[in-house]
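Hi,

Here is the structure I promised to pass on. Have a look at it first, and then read my notes underneath.

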Amino acid sequence: MRRSSLFVVIVAIACAPALARAQTGDVPSSAIMAAPQVQPEAIAALEKMSAYLRSLKQFGLHADTTIDLVMEDGQKLEFPGTLDYKVRSPNGLYIGMKSDRKERELYYDGKTLTVYGPRNKLYAQTPAPPTIAGLLALAEDKYGIELPLADLFLWGTARAPVSSLRSAAYVGPARIDGSVTDQYAFRQDGVDWQIWIEAGDKPLPRRMVITTTDDAAQPQYASTLRWNTNATIRDADFAFTPPKDAHRIELVAAQEVSP
């Protein structure tokens, strides 16, 4: 997992002796603190989830999110929001982001990236690569845009290597929205993150909590994910038609923005 403007990265520590206790819901903190840094079963679970996500040809996804913003005096404020995804591999992507503070929509049809602000009726467009993977690289590397939940597309690839994890551990079973999941914790430089993966033959991530550890306030981003792997996806979902009162603006490359 990488750091991003909307969420950052994941992990904690547990040990093999703690595994049996975790399955009964009783995991002493002393056992967790004594754990080895990297558990192979935690890495295997992450890789299994990644492979399953890459196997999905299309899906819909709704996420209820919260994000902490830190005031100058150190006080943390929490803001709720939602994310809606429509995805068709390899070249169709729609993201709708809503909160009390901001609303954005992103459209990608394999040729063009469009970012639209429904509240101010402004949109920007730029030519885009022919795959979602290429789009993510373009958005981040050229425009400094790290898309929310982008790691869903990057786990298991060279842009999110397992080697960046400093610790990885199984925590225990949990129910998320009625689904039986396994909770895992990971640690990378500057971020801790937790992930709850659905048990069984459809290892979908059901919840994520990401903590920025190189900030004294340790702000968090959290999201609960609801999947529709049988979603009806249409070409029109990825095509942007500007409203009559919308105005086009330029999408400026990050290096062109004055500090």
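Below is what I found, starting with how far to trust the model.

This is a predicted model, not an experimental one. Mean pLDDT for the chain is 85, with 84% of the residues at 70 or more. Two stretches are poor, though: pLDDT stays under 50 over residues 2–25, and again over residues 27–34. The model does give residues 2–25 102 contacts beyond four places in sequence, while residues 27–34 have 11 of them. Where pLDDT is low, the predicted coordinates should not be read in detail.

Now the inside. The largest nonpolar core has 51 residues, and those with the most contacts within it are L93, L149, F153, W155, F186, I195 and W227. Helix α3 (residues 40–55) supplies the largest share of this core, with 7 residues. Another core, of 9 residues, lies apart from it; Y107, I233, F238 and F240 are among its members.

F153 deserves a click: leaving out residues up to four places away in sequence, F153 touches F59, Y85, V87, L93, I132 and L136.

Two of those partners bring us to helix α4 (residues 132–143), where I132, G134, L135, L136, A137, L138, A139 and Y143 are buried. The cover over these buried residues includes strands β2 (76–88), β3 (92–99), β4 (103–108), β5 (112–117) and β6 (122–127), plus helix α5 (151–154). The length of α4 checks out too, because 12 residues at 1.5 Å each should span 16 Å and the end C-alpha atoms are 15 Å apart. Just after α4, G144 has a positive phi of about 65 degrees.

Cheers

Conventions
Residues numbered from 1 in each chain as written. Predicted model: local features only at pLDDT ≥ 70, side-chain atom pairs only at ≥ 80, totals over all residues. Heavy atoms only, no water. Core = buried A, V, L, I, M, F, W, Y, C linked by side-chain atoms within 4.5 Å. Buried < 20%, exposed > 50% of the residue type's maximum accessible area, 1.4 Å probe, protein only. Helix = DSSP H or I, 4+ residues; strand = E, 2+ residues; numbered from the N terminus. Contact = heavy atoms within 4.5 Å. Expected span 1.5 Å × (residues − 1). pLDDT = per-residue confidence, 0-100.
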